[in-house]
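Please look through the model shown below, and then follow the paragraphs after it, which lead from the cysteines to the sheet, its helices and the core.

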Amino acid sequence: MTQSNDSPTPPAAWAIFVDFDGTITDLDTFDILVKRFAGDDAWRHTEIGLDDGSMSLRDVLQLQASYVRGTFAEVTTILRAEIAVDPTFAAFVASCRRRGIPVTIVSSGIAPIIRDRLVEIGLGDLPIVANEIDVAPAGWSIRFRDADGNGTDKAAIVRAANESGTRTMFFGDGRSDYAAALEADHCFAKTGLALERYLRERNVPFAAFTSFGEIDLDRVIGRTTKSATGS
């Protein structure tokens with residue numbers, strides 16, 4: 001019997017996980033779509049349910065998706081016109097790749113919509129962990145990736161990387177990012193949004209940022225412990 005001398009591929013020293021809506025983009029996909037197809041009142045109804053805890057994010061997303069009546073092409077046209085992608089994100093990914101650091105999009109949103117925007121900025125090959133969508137004239141329906149209340153269990157993804165021996169960075173902005181932020185070795189929270197407030201209230205170390213152009217990867221990689229630059 002021949003024994004292979006190949007060693008298992010070691011885990012990457014670092015891995016970066018990035019939320020999409022509100023983190024890479026300036027606005028949330030379903031905020032725009034619900035207001036466009038169902039109006040402000042419908043959008044406020046879903047937000048109230050989320051705020052008072054009567055609905056999980058998963059419930060809210062499914063309801064919001066049901067309001068969308070457009071074809072996929074119509075929807076992506078709307079989103080390209082109304083939602084901006086951080087113009088520094090592509091350069092940030094290039095900087096990560098030069099350092100051998102993999103970047104993965106982890107989102108409670110819709111993978112095909114995210115892919116469309118990434119293709120637009122030349123990052124169509126970036127890995128995406130997100131939900132799928134069924135498009136129908138009577139309303140869209142989300143096929144959730146996980147049973148998690150956020151639809152995508154971002155925390156489990158970050159935790160698995162840590163358990164493999166990889167150090168992790170997480171970038172986010174909102175509620176669906178809370179648990180993942182707590183799992184990461186270094187967390188970056190979009191300035192002025194829910195994740196920043198959540199981490200401040202709990203005295204969790206993080207760095208606040210407004211664009212990916214501000215991120216000094218060499219400074220982060222050179223640290224041996226977390227630091228609270230967001231405090």
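**Cysteines, sheet and core**

The count of disulfides in this predicted model comes to zero. A disulfide is counted when two cysteine sulfur atoms lie within 2.5 Å, and Cys-96 has as its nearest cysteine sulfur that of Cys-187, 15 Å away, so Cys-96 is in no disulfide. Cys-187 is likewise in no disulfide, the nearest cysteine sulfur to it being that of Cys-96. Are these two cysteines buried or exposed? Cys-96 counts as buried because its relative accessibility is 0%, and Cys-187 counts as buried because its relative accessibility is 6%, where the cut-off for buried is under 20%.

From the cysteines we can turn to the sheet. Seven strands form an open sheet, and following them across gives the order 4-3-2-1-5-6-7, with mixed pairing. At the edges are strand 4 (residues 141-143) and strand 7, each of which pairs on one side only, and from one strand to the next the twist averages 25°. In general, the strands of a sheet pair through backbone hydrogen bonds, and the pairing may be parallel or antiparallel.

Strand 1 is a good place to see such pairing in detail. Strand 1 runs parallel to strand 2 and is joined to it by three bridges, with Ile-16 standing opposite Val-103 of strand 2. Strand 1 also runs parallel to strand 5, to which five bridges join it, and here Trp-14 has Arg-167 as its bridge partner.

How many of the five residues of strand 1 are buried? Five of the five are buried, so strand 1 is largely enclosed by the rest of the structure. In a regular strand, side chains alternate between the two faces of the sheet. In strand 1, Trp-14, Ile-16 and Val-18 are on one side while Ala-15 and Phe-17 are on the other, and both faces are covered, with these residues all buried.

Helices pack on this sheet. Helix 5 touches strand 1, strand 2 and strand 5, and its direction makes about 160° with that of strand 1. Helix 9 also packs on the sheet, where it touches strand 5, strand 6 and strand 7, and its direction makes about 130° with that of strand 6. The buried residues of helix 9, which spans residues 194-201, are Ala-194, Leu-195, Glu-196, Tyr-198 and Leu-199, and what covers them includes helix 8 (178-183) as well as strand 5, strand 6 and strand 7. After helix 9 comes Asn-203, which has a positive phi near 55°.

The interior can now be described through its nonpolar cores. The largest nonpolar core has 29 residues, and those with the most contacts inside it are Ile-16, Val-18, Phe-89, Phe-92, Ile-105 and Phe-171. At least two residues of this core come from each of several elements, among them strand 1, strand 2, strand 3, strand 5 and strand 7, together with helix 6 (111-120) and helix 10 (217-222). Helix 5 gives the most to this core, with four residues.

Phe-92 offers a closer view of how distant parts of the sequence meet: leaving aside its neighbours within four places in sequence, Phe-92 is in contact with Ile-16, Phe-171, Phe-212, Ile-215 and Leu-217. There is also a second, separate core of 20 residues, which includes Phe-30, Leu-57, Leu-61 and Ile-83.

Technical notes:
Residues numbered from 1 in each chain as written. Predicted model: local features only at pLDDT ≥ 70, side-chain atom pairs only at ≥ 80, totals over all residues. Heavy atoms only, no water. Buried < 20%, exposed > 50% of the residue type's maximum accessible area, 1.4 Å probe, protein only. Contact = heavy atoms within 4.5 Å. Core = buried A, V, L, I, M, F, W, Y, C linked by side-chain atoms within 4.5 Å. Pairing = 2+ DSSP bridges. Axes fitted to C-alpha atoms, helices over the stretch in contact; angles between N-to-C directions.
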